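Dear colleague,

Please find below the structure that I am handing over to you, together with its sequence. A short account of the findings follows it.

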Amino acid sequence: MKEGPRANRDIRVPKVQLIDDEGNNRGVVSIEDALAAAEEAGLDLIEIAPNSEPPVCKIGDLGKMKYQSQKKAAEARKKQKTIEIKEIKMRPNIDTHDYEVKMKAVRRFFEEGDKVKLTLRFRGREMAHMELGMQLLNRVREEVEEIAKVEAEPKLEGRQMMMVLAPRI
């Protein structure tokens, strides 16, 4: 099975709706007349709407049409943005300046449309003060409230606490 529209002798219907190379509608004609008109113009007969009754065919250059559709698909792929999850690691007793630097990075990630996973690492005796970690994550949540929403509530996994934030669109 070839990809792309059917063309010339691959079109196996008795009658087609014909559009010539200038874009004029020639109405319903037999497949033989349509093929003859395409040959006369030195172009191909291309099926552009196979599901309509009768199928719509256009006289044009098949190679050029395939190239145009490939170009359109490539353009669409280029414009597509993949959403990444960026990770920011903190400690429960983070210093004010370090916290501000991390928050600046978080805001930049949201502007770029990425999600942010905040990870708090607890070491040694810090495990006894989980509430400090919870307070820190709630502080982050409040600070980015207007630009982001919580996608995964803070949860504890072993010695780390995690929360995922997604940008508001």
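In this predicted model, the buried residues of helix α1 pack against four strands: β1 (15-19), β2 (25-30), β3 (44-49) and β4 (56-60). The helix itself spans residues 31-41, and its buried residues are Ile31, Ala34, Leu35, Ala37 and Ala38. Viewed along the helix axis, these residues lie within an arc of 160°, so they line one face of α1. The face turned away from that buried side carries Glu32, Glu39 and Glu40, which are exposed. After α1 comes Gly42, which has a positive phi, near 75°.

I turn next to the nonpolar cores. In soluble globular proteins, nonpolar side chains tend to be buried together. The largest nonpolar core of this model comprises 20 residues, and Ile88, Met90 and Leu118 have the most contacts inside it. Two or more residues each are contributed by β5 (85-90), α3 (96-111), β6 (115-121), α4 (130-143) and β8 (160-167). Helix α3 provides the largest share, namely six residues. There is also a second, separate core of twelve residues, among them Leu18, Val29, Ala34 and Leu35. Of these, Ala34 and Leu35 are also among the buried residues of α1.

Which residues is Met90 in contact with, leaving aside its neighbours within four places in sequence? They are Tyr99, Lys102, Met103, Leu118, Thr119, Leu120, Arg121, Leu136 and Val140. One of these, Leu118, is itself named with Met90 among the residues with the most contacts inside the largest core.

Yours sincerely

How values were computed:
Residues are numbered from 1 along each chain as its sequence is written. This is a predicted model: local features need pLDDT of at least 70, side-chain atom pairs count only at pLDDT 80 or more; totals for chains, interfaces and linings use all residues. Side-chain values use heavy atoms; hydrogens and water are left out. A nonpolar core is a set of buried Ala, Val, Leu, Ile, Met, Phe, Trp, Tyr and Cys residues joined through side-chain atoms within 4.5 Å. Buried means under 20% relative accessible area, exposed over 50%, partly exposed in between (1.4 Å probe, protein chains only). Contact means heavy atoms within 4.5 Å. The arc is that of the directions from the helix axis to the C-beta atoms.
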